[in-house]
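User: I'm new to reading structures and would like a close look at a single part of this one. Could you pick a residue, walk me through its surroundings, and then zoom out?

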Amino acid sequence: MKALAATFFLLALATPLWAQDALFDDMGGQPGINKLVDASVDNYLADPRIKDVFSESNIDRIRAELKDQFCAVAGGPCRYTGHSMEATHKGLHLTNANFNALVEDLQTAMDSCNIPFATQNRFLARLAPMQHQVVTR
Amino acid sequence: MKKLLPLFLLVPAAAFAADEAHTVVQKGRAFRPAEVNINRGESLTFTNDDEFIHQIYVQAPGFAFDSDERNPGQDITETFTAPGTFEVRCHIHPKMKLVVHVK
Amino acid sequence: MRTYTGALTLLLGLAVQPAFADELFDSGKLLATGGVSQVEGAGGGGLANWALITGYGTRDGIGANVHYTAVPLPDYTLQTTGVAVGLFDRLELSYAWQAFDTQDVGAALGLGRGFTFHQNIFGAKLKLIGDAVYDQDSWLPQIAVGLQHKENDRAAVIAAVGGKNSVGTDFYLTATKLFLAESLLVDVTLRETKANQFGILGFGGDKHNEYSTQFEGSGAYLFSRRFALGAELRTKPSNLGIVHEGAAWDLFAAYFFSKNLSITAAYADLGNIAIENDQHGAYLSLQAGL
């Protein structure tokens, strides 16, 4: 058991830290992120699985907050000043199926923005742990 | 205090004297009640009994305010200093609407 | 025959599911995160068992699938047909029916040409801790324990080659992690087993008749949402005096058409099988389900 844990720990350490800030540029900087947010929100609103989650929300406000948040997550020169993932999603009682549907829509948007798959995964790797705060059901 | 609120809402608004606070509850991303009658100079206390963060604003020619955000469990009080009919809304949840008739 | 009927019934049942069942079979997991079907019917790679629970049911639902695998080797053909269910992304149950056709070697051994061994393999896997997909901020892998209970129908032949039992159970501990930032999936599995060549020649032998700890592992690189290339290694015990058994390995490509269909093609080297060396050849597997 300890050997298994140690193996995975060492593999995780193998990721060089300097690669983190390159992600913002690899996603096209703020213009690329803005385009991605707009494309992905369009996908969420068209997705029968999750569009109702947004039915009471201020979509313009969400677009603006996501542009800030994605910039910060990708290592760009932004500070996300919105509320915590837990506070903003708690009342929605989201499931893993809801979360995964959003991920799929985001992947489709990243495809349409011509973000290479490897770069997509670097970004998703930073978003994935948000599942712990966003999914409450 | 919270146990008294439902009884509070049953009493007709006209029975209150000026400067008294009335309570509106934010729950289910809606205002309860959805419509109130108050006198000029009176206040409304908005209690966030919801699972969402809310704020409130009014944007009208004769009267306006734009509040800070309030977490679940928090209150905010606003005084209505102008007569007329106003819509209280939330920037975060555009479908929320409270109609306030101020005499 | 019974296996085919069972698999067909499952497929028909999935096709005519009533409306409420749409929520239970939520197909909510991300593509490829149920793995494929390994050679003994569990969710995993081709040779290795993984900690992923088969199927696309999230923790709120159920996933199920059927699979067919063919491994034409120089002197034999191995075929597996199976069905597996993933319950609430926590428990996996599987049944596989394996047919090992000895073809000409059967004739050479005096068993008759096309002499076939069959195994019924019943599997159960329980996820203990961790989530391979979501835990990107942690070194903790997804960890599961499981067993595969195997019953071989050629007890007499097994005894004749030195095997001690025609029935055996493998126990395993498996850890799987998706290093998403590197597009890399890694699995490490430890298996307690007495199986001779996956159970084809029974369990335990004249040389060694105790459980031994074997290793299996996979590494796969994700090229797209649908396509992965990987390699696997699986060690095996050497319990029989008549043959030295080595490790098996494969290089595989898995393509996920959708959440309903995937195909895995591999070049597999199973080492020595039933006294014939260099059993390497193609491995082809189809999985259909939800």
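**A close look at one glutamine**

Analyst: Let's start with C:Gln103, which sits in helix α3 (residues 103–108) of chain C. Keep in mind as we go that this is a predicted model.

Is C:Gln103 buried, exposed or something in between? Count the C-beta atoms around it: there are 18 neighbours inside 10 Å, so C:Gln103 is classed as partly exposed. A residue needs 20 or more to be called buried, and 12 or fewer to be called exposed.

Now, which residues does C:Gln103 touch, if we skip its neighbours within four places in sequence? The contacts are C:Asp75, C:Tyr76 and C:Thr77, plus C:Arg113 and C:Gly114. For a sense of distance, try C:Gly63: it lies 40 residues from C:Gln103 in sequence, and the two C-alpha atoms are 36 Å apart in space.

Okay, zoom out to the whole of chain C. It's built from four helices and 16 strands. Its radius of gyration is 18 Å, close to the 19 Å that the globule rule gives for 290 residues, so chain C is as compact as a globular protein of that length. Lined up along the principal axes, the C-alpha atoms of chain C fill a box of roughly 55 × 40 × 30 Å. Of the 290 residues of this chain, 52% count as buried. And if you take contacts in chain C with a separation of 6 or more, 60% of them join residues 24 or more positions apart.

Chain B gives you something to set beside that. It has one helix and nine strands, and the helix comes before the strands, in the pattern α-β-β-β-β-β-β-β-β-β. Here buried residues make up 24% of the 103 residues. For contacts in chain B with a separation of 6 or more, 43% are between residues 24 or more positions apart.

Chain B also meets chain A: eight residues of chain A are in contact with 10 residues of chain B. On the chain A side, those residues split into one nonpolar, four polar and three charged.

Last stop, a pair of helices inside chain A. Helix α3 (residues 29–46) and helix α4 (residues 59–73) of chain A pack at an angle of about 140 degrees, with their axes 9 Å apart. That angle is why α3(A) counts as oblique to α4(A). The crossing is right-handed. Among the residues that meet there are A:Ile33 and A:Leu36 from α3(A), and A:Leu66 and A:Phe70 from α4(A). The residues of this contact come out as nine nonpolar, two polar and three charged.

Conventions:
Residues are numbered from 1 along each chain as its sequence is written. Chains are lettered from A and ligands numbered from 1 in the order in which they are written. This is a predicted model: local features need pLDDT of at least 70, side-chain atom pairs count only at pLDDT 80 or more; totals for chains, interfaces and linings use all residues. Axes are lines fitted to C-alpha atoms, for helices over the stretch in contact, and angles run from 0 to 180 degrees between N-to-C directions. Helices (H or I, at least four residues) and strands (E, at least two) are DSSP runs, numbered from the N terminus. Angles under 35 degrees count as roughly parallel, over 145 as roughly antiparallel, 65 to 115 as roughly perpendicular and the rest as oblique. A crossing is left-handed if the near helix is turned anticlockwise from the far one by less than a right angle, and right-handed if clockwise. Two residues are in contact if their C-beta atoms, placed from the backbone, lie within 7 Å. Ala, Val, Leu, Ile, Met, Phe, Trp, Tyr, Cys and Pro count as nonpolar, Asp, Glu, Lys and Arg as charged, and the others, Gly among them, as polar. The radius of gyration is taken over C-alpha atoms; the globule rule is 2.2 Å times the number of residues to the power 0.38.
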